Amino acid sequence: SQHCSNDFVGDMGRDFYFDLDRMANQFGGQLPEVLNNTFSYMDHIKNGNHNNTGKIVGGHASHAPAQVKRFYTARTVRKALEYFSIDYLTLGLRVPDWAKEMLKNEAL
């Protein structure tokens with residue numbers, strides 16, 4: 001049995017902001033500031049917002065699900081999931097809701 005050690009494991013699911021906060025706290029330095037400049041996650045943490053739905057809450061949102069659609073199609077999401085499937089299995093990650101939604105909408 002091979003043991004796998006990871007410095008950080010997070011996903012792009014509903015707890016995305018809290019994963020960002022864990023990563024920022026774990027690695028420190030300028031990372032918290034850089035991540036907050038990009039994702040404005042600190043307001044979500046302060047307000048206890050666990051829902052990364054891309055909708056505006058308190059005037060701030062990363063719009064992550066909407067941003068994904070700008071850069072990925074259902075085909076590229078499927079390919080990425082195939083490529084990273086070993087990570088999902090090894091790390092016990094769930095497929096993000098936005099990815100499931102994109103694949104479901106393609107089937108319609």
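In the predicted model, Arg75, Lys79 and Tyr83 are exposed on one side of helix 5. The other side of helix 5, which spans residues 74–83, holds the buried residues Ala74, Val77 and Leu81. These three cover an arc of only 60 degrees around the axis, and therefore they lie on the same side of helix 5. Helix 5 thus carries exposed residues, among them Lys79, on the side opposite its buried residues.

A buried residue is also found in helix 1, which comprises residues 16–27 and includes Asp19. The relative accessible area of Asp19 is 13%, and because the cut-off for a buried residue is under 20%, Asp19 is classed as buried. The side chain of Asp19 additionally forms a polar contact with the side chain of Arg22, at a distance of 3.1 Å.

Helices 1 and 5 belong to a protein chain that contains seven helices and zero strands. Followed along the sequence, the chain accordingly reads α-α-α-α-α-α-α. The protein chain has 108 residues, of which 23% count as buried. Its accessible surface amounts to about 7700 Å², and carbon and sulfur atoms account for 53% of this area.

Contacts along the protein chain were also examined by sequence separation. Among those between residues at least 6 apart in sequence, 45% join residues at least 24 apart.

Key
Residues are numbered from 1 along each chain as its sequence is written. This is a predicted model: local features need pLDDT of at least 70, side-chain atom pairs count only at pLDDT 80 or more; totals for chains, interfaces and linings use all residues. Side-chain values use heavy atoms; hydrogens and water are left out. Helices (H or I, at least four residues) and strands (E, at least two) are DSSP runs, numbered from the N terminus. Buried means under 20% relative accessible area, exposed over 50%, partly exposed in between (1.4 Å probe, protein chains only). A polar contact is a pair of N or O atoms within 3.5 Å; within protein, one must be able to donate a hydrogen and the other to accept it, and residues adjacent in sequence count only if both atoms are side-chain atoms. Contact means heavy atoms within 4.5 Å. Accessible areas come from the Shrake-Rupley method with a 1.4 Å probe; for residues, only the protein chains shown count as cover. The arc is that of the directions from the helix axis to the C-beta atoms.
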